[in-house]
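Hello,

Here is the structure we talked about handing over. My notes on it follow below.

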Amino acid sequence: MTDKTANTTPIPGPPGLPLVGNAFDINLELPLRTFQDFAEQYGEIYRLNLPAGSTVIVSSQALVHELCDDKRFRKPVASSLAEIRNGVHDGLFTAREDEPNWGIAHRILMPAFGPASIQGMFTEMHEIASQLTLKWARHGSDAPIMVTDDFTRLTLDTLALCTMNFRFNSYYHDDLHPFINAMGDFLTESGSRSMRPALTSVFYQQANRKYWADIEILRQTAQGVLDTRRKQRTGRKDLLSAMLDGVDPKTGQKLSDSSIIDNLITFLIAGHETTSGLLSFAFYLLIKHQDAYRKAQAEVDEVVGKGVITEEHIKKLPYIAAILRETLRICPTIPIIARAANQDEVIGGKYFIAKDQRLALLLAESHMDPSVYGETARDFKPERMLDKNFERLTKEFPDCWKPFGTGMRACIGRPFAWQEAVLVMAMLLQNFDFSLDDPSYELLYKQTLTTKPKNFYMRASLRDGLTPTELEHRLAGNVTSDSKSKLALRQTSPSAAKQGDRADAKPMSIFYGSNTGTCESLAQRLATNAASHGFAATVVEPMDSATESLPTDRPVVIITASFEGQPPDNAASFCAWLKRLEADELQNVSYSLFGCGHHDWTQTFHQVPKLVDATMKAHGASRICDVGLTDVAQGNMFTDFEQWEDDVFWPAIESRYGTTGTVGGGDESLLSASLDVVFSSPRSSTLRQDVKEATVVDEAVLTAAGASPKKHVEIQLPDGVAYKVGDYLAVLPVNSKESINRVMRQFQLSWDSHITIGSDRWTALPTGTPVPVYDVLGSYVELSQPATKRGILRLADAAQDECTKHRLLKLAGDSYSEEVSLKRASILDLLDRFPSVSLPFGTFLSLLPPIRPRQYSISSSPLNNPSRATLTYSLLESPSLANPANKYTGVATSYLSSLAAGDKILVSVRPTHTAFRLPDGADMDKTPIICVGAGSGLAPFRGFIQERAALLAEGRQLGPALLFFGCRGPQMDDLYRDEFDKWQELGAVDVRRAFSRVESGETSGCKHVQDRLWDDREEVKKLWERGARVYVCGSRHVGEGVKKAMGRIVLGDGATETEVAQWYDGVRNDRYATDVFD
């Protein structure tokens, strides 16, 4: 006994039997249920006595957090894990921490799961996900899907292909691969063996024979994967090549064949079993929670649309990420984590834990701790796991979410699993609607080492009227010879090659701390770019190589990551040295620093980069520029690094050291470095991938002469494209002829000039093929976009006289907001204004952002004609603020205005916000609606009322509808007056108008919609009290006015702005939906 036992509280637990303890209390089919039942009975901590010894189980966030302290507790390899060692020995998952093979394998294999490596696996992940998607499509909506089996096929095939270049081809066989069945039985029996007294093994001889036979299947399969790679060496870099060729940087050792087999099985088990369970649980929870289902599908529709899912989409799906986090909270696929005490401890301030005591973290309960998640802890609410709240929760309640393990033994394949899960969720929700095969099914669990739903079947129906063949084309991106030239091809720029190594280049040293290879990749990228800035990266080495020897005669760049607050392996010595410094030992060192981190580790986010920066400054080093930081969870680490490099690092370097490169020198070889253009005469044309070709059917002017012009256009949608009332139509515009001609004149180009573009970086321009200049200027770049500060600086670099350079530098500085941003001065405007700027055409193109689609509310209902959609828009045209001699025109509205019947137009349908939908189902006949719009803000409400008229014609009962519409006057711009009068007679709507330029008894003297709303406040309030939904569409000024009026109507005339704001926050995107624009 130790002193720590004094004043402690005994740990409760169920009584047991002699020899076997609580072994017979355990539900061998679902041990998890037993542990949860005991947690409910005994509270946050209890003790079980099993044949292998006693185990203390904890189930509260506070105790779990305490036991996650790696300084006090460790991961033991006991119980079921000890049995699993029979099959995989000292593989990564089952090795003891004192076994050398764990450290060797960990250090060799970590880079294979770094962010850069994971991104490189996306294409192969997409291929396997497409196989699953096409299987479900071809089986049809009447075929029950065994969810866990198909997701197991998916994750096994994905892992094997992406990390080992081996194909199980599971979707081309009816039966599961023998590995999968052997693995499941092996894991189940390993768990059972750990629960049985050793003396009873004689009664399980048949089970023992099956157990060892299953192990043989696992090892034979892994040996086959290894043999295939050795026979077919291709130079591919992946997990298996790391196992075969990797050398431990610490010991210099390589993995033995036996260790490779152990780790192949480990990854094949752990890497697919948990992700298949996650996806299975997620789809069950979504189907059972339709609100979350609709939000998830709406997010995918909005972000991805109907095109191919790309790597860039993955980080733009926050609600999908929240669903996965919430799924892992409620249904953790690894529901229990084992720990052991390093020495005698007291936890929770009162429970004595003896040294080496085995402990179990019951995540299935700690994830539902009411002290963290409140009264709804057991409810499925993805919103609580959106990024900001997730960060708050994990910071305020550390270790409240631990599905990927803890500390150094946490899952190294987490980024792989996350990218795969988000991709699969997005692809399936994009293309299918799902339902339970048995509507009465309630979740059952199957437990091996992990948990999955048991007997879970669902059905999948293709969306958008797709056929399986059409889906196959969608998944492939419909890549034709035309569209291929639209891909962003990376080519080596001849001008970049010309930079070469210079004898007068200044030296620079770059040091990186990297376990996964990402920071090393960034360091190499910086070294490559250094030449074009007059520097030579003479040293590109790990940070440890700079220990006690940081250079003082050159700029030093440090690029490092942080791993749960610890430095990377190749930066540990360097960081330890920094901590030992006592005075100004770094006084003559000049440095810059860029740091990588992952926001899920909120308590240690960017801890190492910040530590290095603070310590170096404290000991005399001089920082050259602001620290750059990136969050790898967002997937933008390379973009963030390039932005820091361009906007912060190089300007500071050039300011302090000057440059022997050509930056700012006006040399065309540098100014054209981003894009090289070669003029030629062949013709070609290409189309965008995210939009399809539609046809203009009709167009009309809706306003009288002299009124601000508003127009109507009717469009025949592409085959297979459908929409719902309230949706948007995205239009990919073409720049106006006037703008294009200005560029042609500026660069003295003939109308039939062609260019071939080559780029040494990603570009949205067509590369590698001759394209008409007119097409590039019209269809690919934004000519009217306000110039950025970086763009103006490039113009200053190209200025031929100091006066012009000075004026441009001023525009890029203090005058930017007033003279450029507010006046919307484009690069073209500035070239007109400063004719002495000699800018190469390639540089001009590189400064322009890619042209983007513009969204317009569809002003029709598919019940009127499902294959046609109409748009209602205001034509934007006014004198340019940047140059009154020129006109400023809206890119898309001027394009739409130029179209006539028969013209082709590129469009795509995009869903509106969920709240901006008409009531449906049972709510349709009882929920009133109040619509408020001004000018072209009438567009979605024309669709709404057209839909209501069609429903009334079908005999449907509808709740009342008020439409408040503001315009200048009845003979000027009272849009669609005849249609609305007819719909009002039918009872589809009651229109209340406001005329800003004309006095009329019809408007009760009201000039603006908010005035008319207030004038009819009694009626409006009655409808609100009946549960009315409010929809507002118009300018931001209209939106604010209507919000204030509605707040006063609902709360009373004396309501303060604060009270109105609080009311609005409580009803927006629920009963109050807005679609406002500037």
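In what order do the five strands of the open sheet stand, and how are they paired? The order is β1-β2-β8-β5-β3, and the pairing is mixed. The edges are held by β1 (45-50) and β3 (73-74); each has a single partner strand, so one side of each has no neighbour in the sheet. For β3 that partner is β5 (336-341), paired in the antiparallel sense over two bridges. Within this pairing, Arg 74 is opposite Ala 340 of β5. Please keep in mind throughout that this is a predicted model.

Helix α9

Helix α9 covers residues 205-231, which is 27 residues. At 1.5 Å a residue the helix should span 39 Å, and its end C-alpha atoms are 39 Å apart, so the two values agree. Its buried residues include Tyr 211, Ile 215, Leu 218, Ala 222, Val 225 and Leu 226. Charged residues are on that list too, among them Asp 214, Arg 219 and Arg 229. The cover over the buried residues of α9 includes α3 (79-88), α7 (147-164), α8 (178-195), α10 (239-245) and α11 (257-288).

The loop between α8 and α9 contains Phe 203. Phe 203 counts as exposed because its relative accessibility is 69%, where the cut-off is over 50%. Together with Val 202 and Tyr 204, Phe 203 makes a nonpolar surface patch of about 340 Å².

Salt bridges

The count of salt bridges comes to 59. Three pairs that link separate parts of the chain, and one network, are described here.

- Lys 288 pairs with Glu 442, with the closest N and O atoms 3.2 Å apart. Lys 288 is in helix α11 and Glu 442 in the loop between β9 (432-436) and β10 (445-447), 154 residues apart. Lys 288 is partly exposed, at 31% relative accessible area.
- Arg 463 pairs with Asp 301, with the closest N and O atoms 2.7 Å apart. Arg 463 sits in the loop between β12 (457-462) and α19 (468-476), while Asp 301 belongs to helix α12 (290-303), so the bridge ties together parts 162 residues apart in sequence. Arg 463 is buried, with a relative accessible area of 11%, and Asp 301 is buried as well, at 7%.
- Glu 782 pairs with Arg 854, with the closest N and O atoms 2.6 Å apart. The loop between α28 (773-779) and α29 (789-798) holds Glu 782, and strand β25 (854-857) holds Arg 854, 72 residues apart. Both Glu 782 and Arg 854 are buried.
- Asp 974, Arg 977, Asp 981, Arg 993 and Glu 1002 are linked in a network of salt bridges.

Backbone and loops

Which residues other than glycine have a positive phi? Leu 19, near 70°, and Tyr 976, near 55°, are two to look at. Leu 19 is in the segment before α1 (31-42) and is exposed, with a relative accessible area of 82%. Tyr 976 lies in the loop between β31 (961-967) and α36 (977-986) and is buried, at 11%.

Finally, Thr 552 is in the loop between β14 (535-542) and β15 (555-560). Thr 552 and Val 589 are 37 residues apart in sequence, but their C-alpha atoms are 4.7 Å apart in space. Beyond its neighbours within four places in sequence, Thr 552 is in contact with Asn 588 and Val 589.

Regards

Conventions
Residues are numbered from 1 along each chain as its sequence is written. This is a predicted model: local features need pLDDT of at least 70, side-chain atom pairs count only at pLDDT 80 or more; totals for chains, interfaces and linings use all residues. Side-chain values use heavy atoms; hydrogens and water are left out. Helices (H or I, at least four residues) and strands (E, at least two) are DSSP runs, numbered from the N terminus. The expected span of a helix is 1.5 Å times one less than its number of residues. Buried means under 20% relative accessible area, exposed over 50%, partly exposed in between (1.4 Å probe, protein chains only). Contact means heavy atoms within 4.5 Å. Patches are made of residues with over 30% relative accessible area and no salt bridge: like charges are joined within 9 Å, nonpolar side chains (Val, Leu, Ile, Met, Phe, Trp, Tyr) within 5 Å. Accessible areas come from the Shrake-Rupley method with a 1.4 Å probe; for residues, only the protein chains shown count as cover. A salt bridge is a side-chain nitrogen of Lys or Arg within 4 Å of a carboxyl oxygen of Asp or Glu. Two strands pair if DSSP finds at least two bridges between them.
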